[in-house]
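Trainee: I should like to understand how the terms used for a protein structure are justified. May we look at one together?

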Amino acid sequence: MKLKDIGTLLELPDSNGSDIPTLAFVGQPNCGKSTLFNALAGFKANTGNFTGTSVEFTESLAVVGNRRVRLFDLPGTYSLNPSDEAEAVTRRWLDERRADAIILVLDASVLSRSLELALEMAETDMPFAIALNMMDDAARKGISIDVELLSARLGVPVVPTVATRGTGVVQVVSSALAVASRPVQAIRPVYDRDVDMAIESVEALLPAGLEPSERRFFAVRVLEGDADVEARVGSLNREALQAALCIRHELAVEHGWPEDGVFASHRHAIAVNLSEAVSKVVRKPVRSKRDRFDSVAMHPVFGPLAAFAALAGFFAMSFFVGGALSGLVAAPFEHLGEALAGRFPGVVGAVFKGLVDGLGGGLAIVLPYLLPLLFLMALLEDVGYLPRAAFLMDGLLHRIGLHGKSAVPLIMGYGCNVPAIVGARALESRRDRLLTVLISPFIACSARTVVILALVGAFFGLKWVIAFYLLNILVAAGVGRLISSFVPGTPFGLLMDIPPYRIPPFRSVAAKVWFRTRSFLLSAWPALIVASVLMALLEFAGIDGMINSFLQPFTVTLLGLPAAVGVTLVFGIFRKELTLLMLFQALGTTDVSSVMSPVQIMTFVVFVLFYIPCVATVITQVREIGWKWTGISVLLSASVATVLAFLVSLAGR
Amino acid sequence: MTLLDVSESLPVKVVCVGCGLGMSRNLASLGIHAGDIVSVVRRAPFSGPILVRVESTGANIAVGREMAGRITVETERHRDAS
């Protein structure tokens, strides 16, 4: 695949215009590409033990040995014939942007399936080296692979790797650099005589202007029914395409194969043979504790119960430990703030107080509540629980018109809604993606968890926290049901790989938690501090009163809340954590119960839980589903929040 | 007989994935092809998907009920008799 677009035959310059070689990781979903990438580049790409963790590509410069390389981590793809958005990203990248070489990552524990992609790569003229990853999983299955034989049969270097431990990662980069500087053509798969003849005939039909090495690739793609390549060939020469399609039809009819299955089944047969030739079972597979764990975790009755118990336990833990820690952290800052405000009267004091409140508020949120939640999410992702949750929940999700695979992004939404919305790209159909993006903002993300734990948890106890989460799930489900009845179509059937459990090395979980904590520290904390200072200034200038009285018909008359909360709700649109901090600031105390009645606190939290998603979420939604649907989503959130909060407020009147 | 009729952990051979063009390709990319030996590991609640193990690789694939109903299979014994 030379990167010339065959439609326009434009010459593209080198991808980066510099001398730094560019390598890209390509492989099937969940084969460890991102883990390999991170092993070389530091924690930059998100990882997880489920298919579709990477839906976008990540780029990084790295120094390997003593050479600088530019690395690209591409979304996983089962084949070069894409079937979802994320796979299409990889295919487009390969078509358009020339890497000097590809590092093809294969999962050694499911070798024959992985080899099918290697055979497809061998059809292209892109130089590549193979990272034979997950050698530890293969060993656990009792499989031993003859790496040298595999390399000889494919005609490309093969390096065994264990990405989680960093084994072999440097060697595979050197191999890729070697094939980049002296490209070798991989050994192309040999099909049946009839198939090979069909390829030759189509090659001869292809329009001029293609390099000899790419003619064969295009011929194979046309015979496989690749819509992209067909369109490009068709735009150059209609008759040639018609003739090629005739050949494809004849080939299929003669052999009684489905038209798009000829190559898939041939490649499968070749891959199975090759895999059998290079690997042997040296001992019985270890029937591990991990398999037995599944008989509980995926049990129709115990599975959901166990998941619920684990989550309740987690909230109990962050409630007791986090609550205590939060108090310890917040108190000194509060004293300091008051002391400073007393020392410097006027505007300087107000700024100081805002600054200290923001600093302390950030710490009081991060340490006790955010860290444990991020840790739990990282663990869930890396261990491989999420696809199992999708399996368990598929039946229920179908009843509200959703797809089981949505469970994966939706659960990630408990950490933050933004990755949930982006993660929806792993779903195959547009309808399922749209629904997942629309429901994501209803999931109580970590910022809202902070509000729930700090207000509901502190003043009503753990039982109510759990009740809040159940309410949240019910509302999300109800909204899902409602939206899906307006979006025609039925969800696709579930079809997804359930990977084996993997015990992530502590280092990688810690790296992931740090990566996300840092992003909180760098983006949210400054926002908290700035907003806090702004709030102090507004108070000082008396503008907060104007905002509050403007919102009074809504906050006081409709929802029965104190007028002072008006300005906090405005800030909450930027970051949900702000509502909490601003509430403390607006009321002038962290003991909210001394100023607000229990019903008022409940009303406030219900409203904050559901009203307009934060700015980052809205921006992401616009990018994924456009203005119209984002508008609908925001309106929907606001109305649900208003109606529910109003209903709660009735209890106090 | 389809995958839906198979009792748990009984190995069966996939005869045909005859459920439209796109689907056989998707199943193939996950490693389920005609001729493969597979078994049903477990079923999800609420008429959810079934978990299929591909015996040759040990890969576990969740397959929605509708799709599973369109994958015809035969038992090893049945094949010997015919």
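Mentor: Let us begin with a term: contact means heavy atoms within 4.5 Å. Please keep in mind that this is a predicted model.

Trainee: With which residues is A:Ala244 in contact, leaving aside its neighbours within four places in sequence?

Mentor: A:Ala244, which is placed in helix α10 (residues 238–255) of chain A, is in contact with A:Val202, A:Leu205 and A:Val222. A:Val222 is 22 residues apart from A:Ala244 along the chain, and their C-alpha atoms are separated by 7.4 Å.

Trainee: Why does A:Ala244 count as buried?

Mentor: Buried means under 20% relative accessible area. A:Ala244 has 4% relative accessibility, so the residue counts as buried.

Trainee: What makes the pairing of A:Arg70 and A:Glu59 a salt bridge?

Mentor: A salt bridge requires a side-chain nitrogen of Lys or Arg within 4 Å of a carboxyl oxygen of Asp or Glu. For A:Arg70 and A:Glu59 the N to O distance is 3.0 Å, so by that definition the pair is a salt bridge. A:Arg70 lies in strand β3 and A:Glu59 in strand β2 of chain A, so the pair ties together parts that are 11 residues apart in sequence.

Trainee: Are these two partners buried or partly exposed?

Mentor: A:Arg70, with a relative accessible area of 16%, is buried. A:Glu59, at 36% relative accessibility, counts as partly exposed, because partly exposed lies between the limits of 20% and 50%.

Trainee: How do you know that A:Arg140 and A:Asp137 are separated by about one helical turn?

Mentor: They are 3 residues apart in helix α4 (residues 135–140) of chain A, and therefore about one helical turn separates them. Their side chains also meet in a salt bridge, at 2.7 Å from N to O. A:Asp137 is buried at 7%, while A:Arg140 is partly exposed at 29%.

Trainee: What makes an empty space in this structure a cavity?

Mentor: A cavity is a set of points where a 1.4 Å probe fits but cannot get out. The search of the whole structure finds 1 cavity of 30 Å³ or more, and about 210 Å³ of space lies in the largest cavity.

Trainee: Which element gives the most to the lining of the largest cavity?

Mentor: That element is α1(B), with 4 residues. The lining has 16 residues, and among those nearest the centre are A:Ser79 and B:Arg25. By class, the lining divides into 3 nonpolar, 6 polar and 7 charged residues.

Terms used
Residues are numbered from 1 along each chain as its sequence is written. Chains are lettered from A and ligands numbered from 1 in the order in which they are written. This is a predicted model: local features need pLDDT of at least 70, side-chain atom pairs count only at pLDDT 80 or more; totals for chains, interfaces and linings use all residues. Side-chain values use heavy atoms; hydrogens and water are left out. On a 1 Å grid over the protein atoms alone, a cavity is a set of points where a 1.4 Å probe fits but cannot get out, and a pocket is an open set with protein on both sides within 12 Å along at least five of seven lines; lining residues have an atom within 4 Å of a point. Grid points are joined across faces, edges and corners, and a volume is the space filled by probe spheres set on the points. Helices (H or I, at least four residues) and strands (E, at least two) are DSSP runs, numbered from the N terminus. Ala, Val, Leu, Ile, Met, Phe, Trp, Tyr, Cys and Pro count as nonpolar, Asp, Glu, Lys and Arg as charged, and the others, Gly among them, as polar. Buried means under 20% relative accessible area, exposed over 50%, partly exposed in between (1.4 Å probe, protein chains only).
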